[in-house]
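Student: Let us go through this structure term by term. I would like each label tested against its definition.

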Amino acid sequence: MKILRNLWVAVGALALVSCGQQPAATEAVSVDKAAVVIENIMTRVSVRQFTNEPVAKADLETILKAGLQAPSAMNAQDWQLRIVTNQDMLNTLSGFMLQTEMGKGMAERLNGKNAFANAPAVAFVCAETGEKATAYNREDTALMSENMLLAIHALGLGATYQAAPARMINDSAEAKEFLKSQFGLPENAELINIIIIGHPAESPAVKDRDQSKGRIIE
Ligand SMILES: Cc1cc2nc3c(=O)[nH]c(=O)nc-3n(C[C@H](O)[C@H](O)[C@H](O)COP(=O)(O)O)c2cc1C
């Protein structure tokens, strides 16, 4: 019964997001709602294998909004985010990536898949650089990424934050040019990481964390 109640709270929260309504900041957070959110954080795990099923557009919109809702230093929002489902574009980009030094080393581990594990959707997370950006643009994109990872997990989808593919793209002039021109990114957008997204074709166990790394001091 409690699980059912929790689910309704989660569904309500997602419905709010997808309708574009913002919950009031002062709204009391019920114990049930907190339990759902904490459970979502504690059960998220990186997923790297996906089925061929496309991700519903409504889910992608929710994931995009969750990313854009992240906090940023001085609310500068000095980021750019693209979620791409076009497999022709992703395959072309992957081709450029696999020609880089890092890509060549990775090719044989891909088992014929592209550099995005053939994920049906890939988020490209960029930091805006230059005069208007703050010194914290990378921190901002990290928070944006975690927001998306948690939203993806809450939607029953799987994902992995990946930095290595971003390095491959940044190491390839063709890949960088393709990204800017095909994804409509401004000149000052620097790719920091990607997030591969899809319906899980594996269910990895949650990894233990070293609890001694954090403590409460009273
Ligand atoms: C900064 C950063 C870079 C990462 N880069 C990669 C990557 O290039 N490829 C990959 O498969 N996973 C990458 N990961 C995912 C981590 O391997 C994963 O989060 C970690 O092993 C903990 O596992 P969990 O996400 O299942 O809890 C990265 C994670 C972070 C935070």
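Student: What makes a residue part of the shell that surrounds the ligand?
Tutor: A heavy atom of the residue must lie within 4 Å of the ligand. Arg44, Val45, Ser46, Arg48, Thr160, Tyr161, Gln162, Ala163, Ala164, Pro165, Lys207 and Arg209 surround the ligand. The model is predicted: local features need pLDDT of at least 70, side-chain atom pairs count only at pLDDT 80 or more, and totals for chains, interfaces and linings use all residues. Residues are numbered from 1 along each chain as its sequence is written, and side-chain values use heavy atoms, with hydrogens and water left out.

Student: How do you know which classes the shell around the ligand has?
Tutor: Ala, Val, Leu, Ile, Met, Phe, Trp, Tyr, Cys and Pro count as nonpolar, Asp, Glu, Lys and Arg as charged, and the others, Gly among them, as polar. By that rule the shell holds five nonpolar, three polar and four charged residues.

Student: What puts lysine 207 in polar contact with an oxygen atom of the ligand?
Tutor: A polar contact is a pair of N or O atoms within 3.5 Å; within protein, one must be able to donate a hydrogen and the other to accept it, and residues adjacent in sequence count only if both atoms are side-chain atoms. A polar side-chain atom of lysine 207 is 2.7 Å from a ligand oxygen. In arginine 44, a side-chain N or O atom lies 3.0 Å from an oxygen atom of the ligand. Alanine 163 uses a polar backbone atom, 3.1 Å from a ligand nitrogen.

Student: How much of the ligand does the protein cover?
Tutor: The protein covers 60% of the 620 Å² of accessible area that the ligand has on its own. Such areas come from the Shrake-Rupley method with a 1.4 Å probe; for residues, only the protein chains shown count as cover.

Student: What makes residues 87–97 helix H4?
Tutor: Helices (H or I, at least four residues) and strands (E, at least two) are DSSP runs, numbered from the N terminus. The chain has eight helices and four strands.

Student: Which residues of H4 are called buried?
Tutor: Leu90, Leu93, Ser94 and Met97. Buried means under 20% relative accessible area, exposed over 50%, partly exposed in between (1.4 Å probe, protein chains only).

Student: Why do the buried residues of H4 line one face?
Tutor: Down the axis of H4, they fall within an arc of 105°, so they share one face. The arc is that of the directions from the helix axis to the C-beta atoms.
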